[in-house]
Amino acid sequence: MHLNRSSRETDLHNDLQDDHCACDAHHDATARARRNMAAEADVVRAAEMFKAMGDPSRLRILAALAAVDGEELCVCAICDLLDVSQSAVSHQLRHLRNLRLVKARRQGKWMFYSLDDDHVRTLMAQGLCHAAHGCGPQGGTRNVSGSVPPSSATPEPSTPPEE
């Protein structure tokens, strides 16, 4: 069965087939997005990283490592901080290491872990700050443990009384 389309409907149909967008407002932005989008392989790797960070146990490990500001923690210290067994922590650390979120250093029979780089530290700080909605001028700057450092705390703005 053949549908009779008006000229406008035909133009709209052709636009949808060509650009997958019916409006004329965003062609420049769409072209810019197409040029600047990340490569598919990078998107897949980032999704795996965010998936790993989506697990509360792993996120607690990353938060503990971020809280020591570049220093290392041994596995037993992480176990103590999180009140989790050594085997559970080691399993999660192995997964985080495979994704290059943490790095390990062996000293004798002990393993020491730290965040892989400043990118991970930034992701942690931003994610936890966003979760607490404490970023920005209204809420002060939160550290990765979630507390507000006294030097950066911003007082609540006072509201004038209603008349």
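**Exercise 1. Determine what share of the contacts in the protein chain with a separation of 6 or more comes from residues 24 or more positions apart, and set beside it the make-up of the chain.**

Solution. Taking contact to mean heavy atoms within 4.5 Å, one finds that residues 24 or more positions apart account for 44% of the contacts with a separation of 6 or more. The model is predicted, so that local features need pLDDT of at least 70 and side-chain atom pairs count only at pLDDT 80 or more, while totals for chains, interfaces and linings use all residues. Residues are numbered from 1 along each chain as its sequence is written, and side-chain values use heavy atoms, with hydrogens and water left out.

The next step is the secondary structure, where helices (H or I, at least four residues) and strands (E, at least two) are DSSP runs numbered from the N terminus. The protein chain has seven helices and three strands, in the order α-α-α-α-β-α-α-β-β-α from the N terminus on.

Finally, of the 163 residues in the protein chain, 21% are buried, a class that requires under 20% relative accessible area, whereas exposed requires over 50% and partly exposed lies in between (1.4 Å probe, protein chains only).

**Exercise 2. Describe how helix H5 and helix H6 pack, and which residues make the contact.**

Solution. Helix H5 (residues 75-82) and helix H6 (residues 86-98) pack at an angle of about 110°, with their axes 9 Å apart. The two helices are therefore roughly perpendicular, the class for angles of 65 to 115 degrees, beside roughly parallel under 35, roughly antiparallel over 145 and oblique for the rest.

The crossing of H5 and H6 is right-handed. On the H5 side the contact is made by Val 75, Ile 78 and Cys 79, and on the H6 side by Gln 86, Val 89, Ser 90 and Leu 93. Sorted by class, this contact of H5 with H6 comprises five nonpolar, two polar and no charged residues.

**Exercise 3. Locate Asp 83 and Asp 69, and state for each the phi value and whether the residue is buried or exposed.**

Solution. Begin with the background that most residues other than glycine have a negative phi. Asp 83, which lies in the loop between H5 and H6, has a positive phi near 55°, and its relative accessibility of 73% means that Asp 83 counts as exposed.

Turning to Asp 69, one finds this residue in the loop between helix H4 (56-67) and strand S1 (73-74). Although Asp 69 is not a glycine, its phi is positive, at about 50°, and Asp 69 counts as exposed because its relative accessibility is 61%.

Note on methods. Axes fitted to C-alpha atoms, helices over the stretch in contact; angles between N-to-C directions. Left-handed = near helix turned anticlockwise from the far one by under 90°. Nonpolar A, V, L, I, M, F, W, Y, C, P; charged D, E, K, R; others polar.
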